[in-house]
Amino acid sequence: MNKIEFLNQLRERLQGLPQEEANDRVVFYREIIDEMIADGKTEDEALAELGGVDKVVEDITSETSLTKLVVEKFRPRRELRIFEIVLLVLGFPLWFPLLILAGILVLISYLLIWMLVIICYVIEFSLAVASFGGLIGFFAYLFDGTANWIVLGEAILAAGLAIFFFFACKAATTMTLRLSKTILIKIKTAIMRKGRVQK
Amino acid sequence: MDAQLRRGVLDVLVLSTLQSEDSYGYKIIKDVKPVLDLSESTLYTILKRLIEEGMVESRSTEFEGRLRKYYHITSKGMKRLMNFNEEWKELMAIYSFINKEGRR
């Protein structure tokens, strides 16, 4: 691949960005490549240093906000015709609630993932309380000789499980955070790849 | 490094490369490289943000038959750099406090 091919491919893959920004980014890369070559690198070396079109597009995608990508995707390419505007206004009672509904559904599915994490912490908390209560229950009766050894066993068991769940909860939190990041970049890439909605 | 912190530090780092003289994309990357590996796309995003915030101005000039975009730090950008030094002193005080507590 040479410089021109690289830049053309890059421009092609940045269709999901506002036109001005996409052009500006390509100009920026062209300048960098030219400077690298002027600096004594060959064209191949310069392109290799940038890491390939895939990597460059991925970097740019992760740095662009989801809102910007979505807005660009649904921005009409031309002036709307009168009947289209009328249709949009008349259809408002229909499409607006549907849009809200879709938004809520997405939000709920995301919250569900976090619910699992919260449940984990609730279990962890109950175990800790149970273990603490069990120990008090045991020692309170220790001196009048009616202490229940089974209660002590249960308290120790609960403590052990609480420690286990503590690490499980921590792992679940990190995993969910990582998952959120992955989902976000996947969504952005999908929007970016399909480019604009054809109208 | 925490994303928020990284972002703030990167802005200042890029500004500091323009402190003594105007610079251009490739040179900024080369200047910053010893301290931090800055990708081209990140630099673009930072420069764009700095321009929008009025801390940097850009102008394209022809250099040896090709276009080169020079970036110039504004007085607002200079002020940001000085503020950073002040903030940093406070941060350093907190840092040494934390370490002192840790050794106790």
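**Exercise 1: a residue in a loop**

Decide whether B:Glu64 is buried or exposed.

*Solution.* Start by counting neighbours: B:Glu64 has 7 other C-beta atoms within 10 Å, so it is exposed. The scale calls a residue buried if 20 or more other C-beta atoms lie within 10 Å of its own, exposed if 12 or fewer, and partly exposed in between, with C-beta atoms placed from the backbone.

Next, place the residue: B:Glu64 lies in the loop between β2 (56-63) and β3 of chain B. Helices (H or I, at least four residues) and strands (E, at least two) are DSSP runs, numbered from the N terminus. Finally, look at the backbone. Most residues other than glycine have a negative phi. B:Glu64 is not a glycine, yet its phi is positive, about 45°.

A word on the model before you go on. It is predicted, and local features need pLDDT of at least 70, side-chain atom pairs count only at pLDDT 80 or more, and totals for chains, interfaces and linings use all residues. Residues are numbered from 1 along each chain as its sequence is written, while chains are lettered from A and ligands numbered from 1 in the order in which they are written.

**Exercise 2: a strand residue and its contacts**

Find which residues B:Tyr70 is in contact with, leaving aside its neighbours within four places in sequence.

*Solution.* First locate B:Tyr70: it sits in strand β3 of chain B. It has 17 other C-beta atoms within 10 Å, so it is partly exposed. Now list its partners: B:Asp22, B:Tyr24, B:Ser58, B:Arg59 and B:Thr61. Here, two residues are in contact if their C-beta atoms, placed from the backbone, lie within 7 Å. As a last step, try a distance: the C-alpha atoms of B:Tyr70 and B:Glu57 are 8.3 Å apart, with their positions 13 residues apart along the chain.

**Exercise 3: two helices of chain B**

Work out how α1(B) is oriented to α3(B).

*Solution.* Begin with the axes, which are lines fitted to C-alpha atoms, for helices over the stretch in contact; angles run from 0 to 180 degrees between N-to-C directions. The axes of α1 (residues 3-17) of chain B and α3(B) come within 10 Å and cross at roughly 80°. That makes the two helices, α1(B) and α3(B), roughly perpendicular. The cut-offs are under 35 degrees for roughly parallel, over 145 for roughly antiparallel, 65 to 115 for roughly perpendicular, and oblique for the rest.

Then read off the contact: α1(B) brings B:Leu10, B:Asp11, B:Val14 and B:Leu15, and α3(B) brings B:Leu43, B:Ile46, B:Leu47 and B:Leu50. Sorted by class, these are 7 nonpolar, no polar and 1 charged. Ala, Val, Leu, Ile, Met, Phe, Trp, Tyr, Cys and Pro count as nonpolar, Asp, Glu, Lys and Arg as charged, and the others, Gly among them, as polar.

**Exercise 4: two helices of chain A**

Describe how α2(A) and α3(A) cross.

*Solution.* The axes of α2(A) (residues 19-38) and α3(A) (residues 43-50) come within 9 Å and cross at roughly 130°. The pair α2(A) and α3(A) is therefore oblique. As for the hand, α2(A) and α3(A) make a right-handed crossing; a crossing is left-handed if the near helix is turned anticlockwise from the far one by less than a right angle, and right-handed if clockwise. At the contact, A:Ile33, A:Met36 and A:Ile37 of α2(A) meet A:Glu43, A:Ala46 and A:Glu49 of α3(A). The contact of α2(A) with α3(A) holds 4 nonpolar, no polar and 2 charged residues.

**Exercise 5: where the chains touch**

Which element of chain B gives the most to the side that touches chain A?

*Solution.* Count both sides: chain B gives 12 residues to the contact and chain A gives 13. On the side of chain B, the elements with two or more residues are α2 (25-32), α3 (40-52) and β3 (66-73). With 5 residues, α3(B) gives the most.

Now zoom in on one helix pair. The axes of α4(A) (residues 52-63) and α3(B) come within 9 Å and cross at roughly 35°, and this crossing of α4(A) and α3(B) is right-handed. From α4(A), A:Val56, A:Asp59, A:Ile60 and A:Glu63 meet B:Ser41, B:Thr42 and B:Thr45 of α3(B). By class, this contact of α4(A) with α3(B) has 2 nonpolar, 3 polar and 2 charged residues. To finish, B:Thr45 is partly exposed, with 18 other C-beta atoms within 10 Å.
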